[in-house]
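Reader: Please take a close look at a single part of this structure, the site where the ligand is held. I would like one connected account rather than a list.

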Amino acid sequence: MMRGMLLGAASLVMALAGTLPAAAQEVVKIGLILPMTGPFASTGRQVSAGAKTFMEMKGDTVAGKKVELIIRDDAGVADQTRRIAQELVVNESVQVLAGGGLTPLAMAVAPVATQAKVPMVVTSAGTAAITKASEFITRTSGTLPQYSLPVGTWAAQNGIKKVVTLVSDYGPGLDAEKWFTKEFTSKGGEVSEAVRVPLQNPDFAPFLQRVRDAKPDAVFVFLPSGVGSLFMKQFADRGLAEAGIKLIATGDVTDDDILNSMGKPALGTITGHFYATAHDSPENKAYVEAFEKANNGMRPNFMSVGGYDSMALIYAALEKTKGDASGPGFMEAVKGLSWTSPRGPVSIDPETRDIIQNIYMREVKEVDGELHNVEFETFAALKDPEKAEAK
Ligand code: DHB
């Protein structure tokens, strides 16, 4: 019995010496905080699935370290996001934070990232000012100025003279309104009215009536991911298309995830965005196939690609630092990184830490019995115009 106990103790010591300290050193923990429940759960579902797909495709080690992804639900409530970020940094020793499903949630993490010197990769939120909130923030989604401006260019060049804008009344909506209007009016267009709708539980009917009464050639719309199908239904019910009002929007409205459920009223909608499931490239074909296989056929939308590329960015930065995830060095490594995303070529602007990417103009069309955002024009390698203007 004594011998058995000794042997047991010896093997325990060996186990501790052999694996635990080494394992503790070799793991890089990434804390991905997302709205997995609540009204914006589709964002959490897509981003987390995109990040996991990256790890399935590329493996869970980089620069000799094992990558551990910890996913937490903030239910879309900013106070929760901040509390979870603190808890992950302090108790879980997470070395990189990611997420930011909506602008207020990304903003809530900024002070934690700054104080703890922990990098934060924004996967989803699109207000231009977010990367200015902390030196430790970078982004793999995009900015609303970046993908609203080309819609203004397109409208001015395609016979549209008078537009009413309709946006969600918070950061990204105000950015979209500003940059569509700036570009469209600089090219001779007129914006006759700017309508803003509440972010939470919107009923679009009274706002769409205002649009209809103003008799514009087109309505330009931004709404966050997941809300588009309700909007499309009310747009159809109010007869705006019959009244000759064309729908132009950011691609958040014709979200690939729910596009099929929008049905016929969505056909012909013109949008600008950084990703479409139908994007024609070998990288995207491989991504869509792997994503759909791992998620019961669910279609990947742009949110999922923000999640996928957050991991691409983290892996590329760790390769550059030889696995060192400490904040200042990691952030230096992030600047100027470039890779081929499912969306096309991307890089991180060394001056702003925002993503430089193609913005595609797309039209909703039926392809093989399904609705798709079909790309027809590319605005190549766009930077965030808001920060370019501020310089
Ligand atoms: C934001 C949220 C979205 O769902 C989206 O599609 C774009 C921007 C945001 O809150 O910044």
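Author: What follows describes the ligand site, starting from the overall layout and ending with the individual contacts. The model is a predicted one.

The protein is divided into two parts: domain 1 covers 21-142 + 280-353, and domain 2 covers 145-273 + 359-390. Each domain is thus made of two stretches of the chain. Taken over C-alpha atoms, the centres of domain 1 and domain 2 are separated by 27 Å. To the contact between them, domain 1 gives 26 residues and domain 2 gives 29 residues.

Where does the ligand lie relative to domain 1 and domain 2? The ligand lies between them, because both domains give residues to the shell around it. As for the space it occupies, the ligand sits in the largest cavity.

The shell itself can be described by residue type. Nine of its residues are nonpolar, five are polar and one is charged. There are 15 residues around the ligand, and those that come nearest are Thr103, Gly126, Tyr170, Ser225 and Asp252.

Three of these residues can be followed down to atom distances. In the side chain of Thr103, an N or O atom is 2.5 Å from an oxygen atom of the ligand. Asp252 also has an N or O atom in its side chain at 2.5 Å from an oxygen atom of the ligand. With Gly126 the partner is in the backbone: a polar backbone atom there is 2.8 Å from a ligand oxygen atom. As to cover, the ligand taken alone exposes 290 Å², and the protein buries 100% of that.

Conventions. Residues are numbered from 1 along each chain as its sequence is written. This is a predicted model: local features need pLDDT of at least 70, side-chain atom pairs count only at pLDDT 80 or more; totals for chains, interfaces and linings use all residues. Side-chain values use heavy atoms; hydrogens and water are left out. A residue is near a molecule or strand if one of its heavy atoms lies within 4 Å of it. A polar contact is a pair of N or O atoms within 3.5 Å; within protein, one must be able to donate a hydrogen and the other to accept it, and residues adjacent in sequence count only if both atoms are side-chain atoms. Accessible areas come from the Shrake-Rupley method with a 1.4 Å probe; for residues, only the protein chains shown count as cover. On a 1 Å grid over the protein atoms alone, a cavity is a set of points where a 1.4 Å probe fits but cannot get out, and a pocket is an open set with protein on both sides within 12 Å along at least five of seven lines; lining residues have an atom within 4 Å of a point. A molecule sits in a cavity or pocket if more than half of its atoms lie within 2 Å of its grid points. Ala, Val, Leu, Ile, Met, Phe, Trp, Tyr, Cys and Pro count as nonpolar, Asp, Glu, Lys and Arg as charged, and the others, Gly among them, as polar. Domain bounds come from an automatic or database domain assignment. Contact means heavy atoms within 4.5 Å.
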